[in-house]
Structure formats: structure tokens, C-alpha cells
Amino acid sequence: MQTLILQPHGPVLVIRLNRPEALNALNQQMLAELTQALTAADANPSVRCIVITGSDKAFAAGADVKEMVQMSYADVAAADLYGPAAQTIARIRKPIVAAVSGYCLGGGCELAMLCDFILASDTARFGQPEINLGIIAGMGGSQRLTRLIGKSKSMEMHLTGRMMDAVEAERAGLVARIIPMADLVTEAVKTATIIAGKSLLAVRAAKESVNRALEVPLSEGLLFERRAFHSCFATEDQTEGMQAFLEKRPANFTDK
């Protein structure tokens, strides 16, 4: 990996974006390496939760404009630019936590939203400033941001290119928690380790159910959740989890 640093922490894999000279701007090499690393982690039984982070200065400051500036419509349409990478990330079944400090703009903001939730430092800045380049978001920004924070605020950000700070992002529902910058990755790994200690079967069911809420009508989402809930009762982990609760001891989940 030339654009990523992979840092295992027990059952948690930290993937650090590493193009400091470009504020971690997403180019095709980084996206290819990221999808490769995520796909491998998803298939690796020793990895139970993933953290994606960047540097203190930037999670990712956007897509690499130098790579795009000479592209034509025919070029980007033929390559389906950013589509395959975004779809691969969205299909990862294990939970992914984004740990964001500094600039999280354009493609960087879209990558953070592809994760399952965002932990932000107090220095984080979020935005979709593609309008300033004469283009629009192309990796899900107009859709996911609108679903997460509502039409009015999303529309303002997409049309003006304005950034929001961590406090506004948490208040709007984009960010789960704000953490001091010095503690961000440590806290993200701690949170991921808590998730890693749960039944992977239940974690996947919860992830799929919450994601379904953004995609289908309420009645369909409720049915999906109920069927996923019912399916948990076919697992040994459900028996162990409930028995451990009654016996007032930690559960020993085996993902069966």
C-alpha cells in the first residue's frame, strides 16, 4: 500500500489515509488500495471492526483535482468515475467507523458518510464544495448528506460550498460524537473494540437494518428489521447473550 497505512489493533483494523502532500485527496490509486484493503478486511475473520482516519490536518480534502482536470465527459462516463469504488465500500458488511480531524471535504466527506458513523475531533470541517469547481458531488454526497441532515441544510452546502464545523455537524446529525483531537483515534479504536466484542451476526443485522431505513418506506423497513430480529433467534449467540445477561456475566459470542 503506497497511499494507506494499515494498523491492526487486535480485532480492529485502522486504515490511515496517507497522501500528506495532497491533504489526503482521493485519487484513483488511493481508492483502489482502499477498496482492496476493505475487501480483504471484510473477508478476514481476525478483523471485526474497521476504523478509517487521516491526519490531524485532513481526513481527506476532496477528490484529486489534478487527476480530473483533463478528463472529458466521455472519459468520466466510460470509467463510471467513483461509482465502482463507492459501491464496493457501501457493500462492506463489517462496521466501519470514520475518525475525522481537519478538512473532510468533497470526496472526503462522501467517504466519511460511506462509513457507518463518524467520530469527529473538534477541528473537523465538513463540506461539499464541488460547486466551486463547476461540478457537483459524484460519490453520493447529494444523496447521503440530504438523508442525514435534511434538504435545506444540504442544499445550502451544495449550492454555496460552505463548510460546517464539528459542533454544527453533530447538531445536524452528521457526526455521532465530538472528541478532542489528541484522543480521536484512541477513542475510535476503543469504540471499535466495543463493537468487535459483540456478536458479528447481530452487528451485521443491525448495520443492515439501520442502512435499510435510509432506502425504503417505513413499512418495508419495519418488516426487514422484524425478520432480521427473528433470524437472531436461530443463532447460538442469541442463546449465549440472553443466558449471560440472566447470569450477570460477560457474554462469550462465537458468531454462530
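This is a guided tour of the structure, going from its sheet to its cysteines and then to its pockets.

The model is predicted, so local features are taken only at pLDDT of at least 70 and side-chain atom pairs only at pLDDT 80 or more, while totals for chains, interfaces and linings use all residues. Residues are numbered from 1 along each chain as its sequence is written, and side-chain values use heavy atoms, with hydrogens and water left out.

**The sheet**

Begin by colouring the strands, which, like the helices, are DSSP runs numbered from the N terminus, with at least two residues for a strand (E) and at least four for a helix (H or I). Six of them form an open sheet with mixed pairing, in the order E1-E2-E3-E5-E7-E10. Strands E1 (4-9) and E10 (177-179) stand at its edges, and because each has a single partner strand, one side of each is left without a neighbour in the sheet. From one strand to the next the twist averages 25°, where axes are lines fitted to C-alpha atoms (for helices over the stretch in contact) and angles run from 0 to 180 degrees between N-to-C directions. Two strands are said to pair if DSSP finds at least two bridges between them. Strands of a sheet pair through backbone hydrogen bonds, either parallel or antiparallel.

Before following those pairs, select Thr 3, which is placed in the segment before E1. Thr 3 is buried, with a relative accessible area of 4%; buried means under 20% relative accessible area, exposed over 50%, and partly exposed in between, using a 1.4 Å probe and protein chains only. Asn 27 is 24 residues from Thr 3 in sequence, and the two are 9.4 Å apart in space, C-alpha to C-alpha.

**Across the strands**

Select strand E2 (residues 12-17) together with E3, and you will have two strands that run parallel and are joined by five bridges. One position to centre on is Ile 15, which stands opposite Ile 52 in E3.

Keep strand E3 (residues 49-53) selected, since five of its five residues are buried, so it is largely enclosed by the rest of the structure. In a regular strand the side chains alternate between the two faces of the sheet. In E3 both faces are covered, with Cys 49, Val 51 and Thr 53 buried on one side and Ile 50 and Ile 52 buried on the other.

Now add strand E5 (residues 96-100), which runs parallel to E3 and is joined to that strand by four bridges, with Ile 50 standing opposite Ile 96 in E5. E5 is mostly covered, as five of its five residues are buried: Ile 96, Ala 98 and Val 100 lie on one side, and Val 97 and Ala 99 on the other.

Continue from E5 to E7, which pair in the parallel sense over four bridges, and find Val 97 opposite Phe 117 in E7. The walk then reaches the edge strand E10, which runs parallel to E7 and is joined to E7 by three bridges; here the bridge partner of Ser 121 is Ile 179 in E10.

**The cysteines**

Next, show the cysteine sulfur atoms. With a disulfide taken as a pair of cysteine sulfur atoms within 2.5 Å, the count comes to zero disulfides. For Cys 49, the nearest cysteine sulfur is that of Cys 115, 10 Å away. The closest cysteine sulfur to that of Cys 232 is in Cys 49, at 18 Å, too far for a bond. Cys 49 counts as buried at 0% relative accessibility, whereas Cys 232 is partly exposed, with a relative accessible area of 23%.

**The pockets**

A pocket is an open set of points on a 1 Å grid over the protein atoms alone, where a 1.4 Å probe fits, with protein on both sides within 12 Å along at least five of seven lines; its lining residues have an atom within 4 Å of a point. Grid points are joined across faces, edges and corners, and a volume is the space filled by probe spheres set on the points.

For the largest pocket, which holds about 960 Å³ of space, select Cys 115, Asp 116, Lys 207, Val 210 and Asn 211, the residues nearest its centre among the 33 that line it. Helix H10 (200-213) is one of the elements that each supply at least two lining residues, and H10 gives the most, with nine.

Finish at the second largest pocket, with about 530 Å³ of space, where Met 68, Tyr 82, Glu 130, Ile 135 and Ile 136 lie nearest the centre and 24 residues form the lining. Helix H2 (65-68), helix H3 (73-79) and H5 each supply at least two residues of that lining.
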